[in-house]
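Work through the exercises below with the model open. Each task is followed by a solution in steps.

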Amino acid sequence: MIKSWFVSQGKNYETERKGGYILAPKTRNDGAERSFWTNITKVNVGDLIIHYSTGIRSVSRAVETCKEIKIDSELVQTNGWSEDGWILKCEYFDLKSMLSISKFRDEVLKYGREDRSAFNIVGNVKQGYLFELNPVLAAIFLEKAMNQNPKLEELPVVVDFLNQEFETEPLSEKAQKNKKETQQTEVKMTNQMLSNLERLMALHDSTHLVKPAHYKANLPEKFVRNIDVDDSVIPSESVAELADTVLRKYLEEGAINEDEVYEMRFIEFSERTFGIEYPLLLRAKALTFEDSPRYFKKPVEIGNQKFYICSSWTEDQREKLEGFLEKIKIRAESLPEYRGMKINEIAKNVLPGMLREGKASEEEVEKMLTLEYSHETFGIDFPLLVTERNESNIIHYYKFKIPIRGTIYYLCSKWVETPSNNDRPLLEKWIKTHRD
């Protein structure tokens, strides 16, 4: 069984691609392990690897299992890693043009949200390094890449991977119909790889047909690279770097409101929210010689005041910081007119008017009465609409009535907006696509 992997190489992509390898430390210098590092030991010869740096830029085949290496001592000191690491050689195939993950947002949210996946709750790539990738999602990436890179169809690792049977969820009725039509028009195309791709395209309501692949015994010359290992390269971004870049950016852009900025100046809030032992923000005028080692040297300007950001972070605080940053990102990307509103306020004040005005078709309103559609479309755990509000569901639905085409409905009141479970992106997506 060929597994698929997703490696987020960031600024180290060019060096690792040129050397023909991926690289990970074993632990931090305090002995703390990270699954996205130890995953490198689980990669088998012949496995498929999707390489990401700003976008998907290459695919590769693992040519051997990982080997132990010693990491450059200067980088060990600078980044806080252990000196022991792993290196895995792989054969890269570069794509002609980078694939943006944002183009696959719906597919990522559907197939890329398993435990310890490479993607966060809004479908963006997490901070981390190497993650196992859902094979259906890997095939979707490959199908798009093959449209732009026909030679990709000739690579044995791609052919062998797509020849496998994927376990997918049941197809919708519409997808089944598309699949049947596709199969009827292409009955002569019996290649197993195409069968897999057709099944996947039907799953995504696509009728595009991919031309047959041409098998070759050997990899194309472009796919084979000279393996010159540079032991001085270490992947991943530390928690402190995350605070000094992403958090600083949000503070500078005003994505964090005044009340939160004020609370960040107190230890209680910083301990509760981030797990750090010092105030997240320290006013420039209050910085003392004793405090200076705990804060970044470069101040951040918020309004007409300057602050220093705490630099004393450990890997144990990564999850809390990432959760906070995801929350701010969602808020920053929110539709401008709703940025000051909570999700329940948006649902209560915006959806009823749109439904009354007929923004949802009669067929879609029927689907809104089902849990499956409501969960998939809005992320909620109850049908969006019910026709009767009674003792069994009264706590889950608003009491006001919504007349839609002569029928009275009641709207779900259970909406969640937390870093680990956020319905807001889906709600705003529906509003945006239906109001115009």
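Two strands count as paired if DSSP finds at least two bridges between them. The model is a predicted one.

**Exercise 1. The sheet**

Task: Give the strand order of the open sheet of three strands, and find which strands stand at the edges.

Solution.
- Step 1. The order is S11-S13-S12, and the pairing is antiparallel.
- Step 2. S11 covers 385-386 and S12 covers 402-404. Each has a single partner strand, so each stands at an edge with one side left without a neighbour in the sheet.
- Step 3. Now add the helix. H13, residues 343-356, packs on the sheet and touches S11, S12 and S13. The direction of H13 makes about 25° with that of S12.

**Exercise 2. The two pairings**

Task: How many bridges join S11 to S13, and how many join S12 to S13?

Solution.
- Step 1. Take S11 with S13, which spans residues 407-411. Two bridges hold this antiparallel pair. The cut-off is at least two bridges, so the strands count as paired.
- Step 2. Locate a residue opposite S13: Val386 faces Tyr410.
- Step 3. Take S12 with S13. Three bridges join them, again in the antiparallel sense.
- Step 4. Here Pro403 stands opposite Ile408 of S13.
- Step 5. Look at the connection. S12 and S13 make a hairpin, with two residues between the strands. In the turn, Arg405 has a positive phi of about 55°.

**Exercise 3. An aromatic pair**

Task: Classify the ring pair of Phe36 and Phe131 as stacked, tilted or edge-to-face.

Solution.
- Step 1. The search of the whole structure gives 13 aromatic pairs.
- Step 2. For Phe36 and Phe131, the ring centres are 6.0 Å apart and the planes are at 45°.
- Step 3. Stacked needs under 30 degrees and edge-to-face over 60, so this pair is tilted.
- Step 4. Place the partners. Phe36 sits in helix H2 (residues 35-38) and Phe131 in strand S7 (residues 130-132). They are 95 residues apart, so the pair links distant parts of the chain.

**Exercise 4. The cavity**

Task: What is the volume of the largest cavity, and how do its lining residues divide?

Solution.
- Step 1. One cavity of 30 Å³ or more turns up in the whole structure.
- Step 2. The volume of the largest cavity is about 40 Å³.
- Step 3. Its lining includes Tyr111, Phe119, Glu132, Leu133 and Asn134.
- Step 4. The lining divides into five nonpolar, three polar and two charged residues.

Methods:
Residues are numbered from 1 along each chain as its sequence is written. This is a predicted model: local features need pLDDT of at least 70, side-chain atom pairs count only at pLDDT 80 or more; totals for chains, interfaces and linings use all residues. Side-chain values use heavy atoms; hydrogens and water are left out. On a 1 Å grid over the protein atoms alone, a cavity is a set of points where a 1.4 Å probe fits but cannot get out, and a pocket is an open set with protein on both sides within 12 Å along at least five of seven lines; lining residues have an atom within 4 Å of a point. Grid points are joined across faces, edges and corners, and a volume is the space filled by probe spheres set on the points. Ala, Val, Leu, Ile, Met, Phe, Trp, Tyr, Cys and Pro count as nonpolar, Asp, Glu, Lys and Arg as charged, and the others, Gly among them, as polar. Helices (H or I, at least four residues) and strands (E, at least two) are DSSP runs, numbered from the N terminus. Contact means heavy atoms within 4.5 Å. Axes are lines fitted to C-alpha atoms, for helices over the stretch in contact, and angles run from 0 to 180 degrees between N-to-C directions. Rings of Phe, Tyr and Trp (its six-membered ring) pair if their centres lie within 6.5 Å; planes under 30 degrees apart count as stacked, over 60 as edge-to-face and the rest as tilted.
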